[in-house]
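The following report describes a structure with attention to its strand pairing, its burial and its helices. It begins with a single pair of residues and widens from there.

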Amino acid sequence: MAACTIKPEASPQFKKLCERWKRSGYRHIDKDLAAAFTAIQQDILACGAFRLQAGSRVEVYKYRQNSKDVKRGSSYGWRILALYHKPTGCMYPIIVYPKTVWSDVDEALVASAIIEIRQILGYCISPGCDGEMATSDPPERKEQGAAIQVKMQCVKCGAIQWATA
Amino acid sequence: MTATITINEIEQRADRAFAYALLARSAKSYVMCIYRLREVGNALDTLIGAIRPEHVARLAHDESDSGVRLRSRLTELHHLLVEFAGSEEAAKLNDFPLPIIPGLVQSIQDRTEDLGDIVENLALSRSDDLRNLVSCCAASLNLEAPEDLVGGMHDQTGS
């Protein structure tokens with residue numbers, strides 16, 4: 001049973017996703033995540049740990065955690081992806097998403113969910129591009145129903161995307 | 001001894017026998033339902049119990065015909081189970097007033113979630129988009145990206 005130090009504040013992507021899910025109605029996300037981190041801190045294999053990527057220094061783990069906002073088992077709660085830095089024993093949560101979105105899983109659905117997460121985090125979703133999106137110059141906005149969308153352009157490949165402001 | 005019996009009494013007895021026959025048919029359906037649900041539950045227990053995390057890791061990157069076929073079959077099975085687990089019929093069976101059936105349905109629903117987790121782990125392990133995303137996140141933390149995608153898996157433990 002290996003312990004670790006969790007640094008939930010370190011990743012800007014993780015913070016951004018937490019804020020996004022909180023705005024989407026998951027009011028108890030902070031408590032849910034705190035419960036998961038308490039367990040993982042004592043044992044990195046807690047919370048249904050699954051090692052997605054191995055490495056000599058950095059590994060990627062996936063965890064499951066119950067959601068107080070989704071009244072079902074841990075299979076229908078949060079999924080947390082975290083980077084484990086072996087030399088320092090630090091765990092950095094980087095991605096969090098609610099499982100309900102992927103209730104009926106297949107590769108295509110996982111791919112579209114990851115694209116959605118990339119878009120939320122401000123990364124380009126063009127195939128093969130890992131550039132970041134920046135507000136277009138000159139800035140452009142449009143109304144899409146009740147939401148306002150902002151025109152974004154990838155700094156790497158130049159692709160245009162409209163993101164919800 | 002000659003019984004004196006009226007047509008009316010015969011009709012009453014026929015109705016009674018008919019009612020028992022209907023009951024027997026219902027009982028047979030009930031038993032069949034339990035039998036089928038238990039068969040499904042046992043098959044799922046056997047399957048999910050056999051798939052260890054190290055198998056998921058190997059299977060995720062197995063491009064042989066059998067590997068591709070097995071991934072596809074697991075996904076197909078999960079779709080089928082999700083259809084059942086989320087169906088109106090399953091909800092009714094869950095509230096069934098007689099014993100055993102609700103427990104069996106719940107067990108199948110739990111196994112469906114477990115299988116969903118396996119299918120999800122397979123899909124995540126194979127996703128290039130996720131790998132890129134993880135690399136971006138690692139870079140923003142000044143960490144090197146994990147170099148090996150085919151990791152040996154640890155045992156899963158409950159949360």
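## Strand pairing and burial

In this predicted model, A:Phe50 has A:Lys62 as its bridge partner in β3(A). Along the two paired strands, A:Arg51 likewise stands opposite A:Tyr61 of β3(A). These residues belong to the pairing of β2(A) with strand β3 (residues 58-65) of chain A, which runs in the antiparallel sense and comprises three bridges, and the two strands form a hairpin with four residues between them. On the side of β4(A), the strand β3(A) again pairs in the antiparallel sense, here over eight bridges, and A:Glu59 has its bridge partner, A:Tyr84, in β4(A).

The two pairings of β3(A) can be set side by side.

| Strand pair | Sense | Bridges | Residue and its partner |
|---|---|---|---|
| β2(A) and β3(A) | antiparallel | three bridges | A:Phe50 and A:Lys62 |
| β3(A) and β4(A) | antiparallel | eight bridges | A:Glu59 and A:Tyr84 |

Both pairings belong to an open sheet of five strands in chain A, whose order is β1-β5-β4-β3-β2 and whose pairing is mixed. The edges of this sheet are formed by β1 (5-6) and β2 (50-53) of chain A, each of which pairs on one side only. Helix α2 (residues 29-42) of chain A packs on the sheet, where it touches β1, β3, β4 (78-85) and β5 (90-98) of chain A, and the direction of this helix makes about 125 degrees with that of β3(A).

How many of the eight residues of β3(A) are buried? Eight of the eight are, so β3(A) is largely enclosed by the rest of the structure. In a regular strand, side chains alternate between the two faces of the sheet. For β3(A), both faces are covered, with A:Val58, A:Val60, A:Lys62 and A:Arg64 buried on one side and A:Glu59, A:Tyr61, A:Tyr63 and A:Gln65 buried on the other.

## Domains of chain A and the surroundings of A:Trp162

The domain assignment divides chain A into domain 1 (5-102) and domain 2 (131-164), and the C-alpha centres of these two domains lie 29 Å apart. A:Trp162 is found in strand β9 (residues 160-164) of chain A. Because 16 C-beta neighbours lie inside 10 Å, where 20 or more would be needed for a buried residue, A:Trp162 counts as partly exposed. Leaving aside neighbours within four places in sequence, A:Trp162 is in contact with A:Gln149 and A:Lys151. A:Ala111 is 51 residues from A:Trp162 along the chain, and the C-alpha atoms of these two residues are separated by 19 Å.

## Chain B

Chain B has six helices and zero strands, and its pattern along the sequence reads α-α-α-α-α-α. Buried residues account for 24% of the 159 residues in this chain. Of the contacts in chain B between residues at least 6 apart in sequence, 75% join residues at least 24 apart.

Helix α1 (residues 7-50) of chain B has 44 residues, which at 1.5 Å a residue should span 64 Å, and this agrees with the 64 Å between its end C-alpha atoms. The helix α1(B) is hardly covered, since the count of buried residues among its 44 residues is zero.

Notes
Residues are numbered from 1 along each chain as its sequence is written. Chains are lettered from A and ligands numbered from 1 in the order in which they are written. This is a predicted model: local features need pLDDT of at least 70, side-chain atom pairs count only at pLDDT 80 or more; totals for chains, interfaces and linings use all residues. Domain bounds come from an automatic or database domain assignment. A residue is buried if 20 or more other C-beta atoms lie within 10 Å of its own, exposed if 12 or fewer, and partly exposed in between; C-beta atoms are placed from the backbone. Two residues are in contact if their C-beta atoms, placed from the backbone, lie within 7 Å. Two strands pair if DSSP finds at least two bridges between them. Axes are lines fitted to C-alpha atoms, for helices over the stretch in contact, and angles run from 0 to 180 degrees between N-to-C directions. The expected span of a helix is 1.5 Å times one less than its number of residues.
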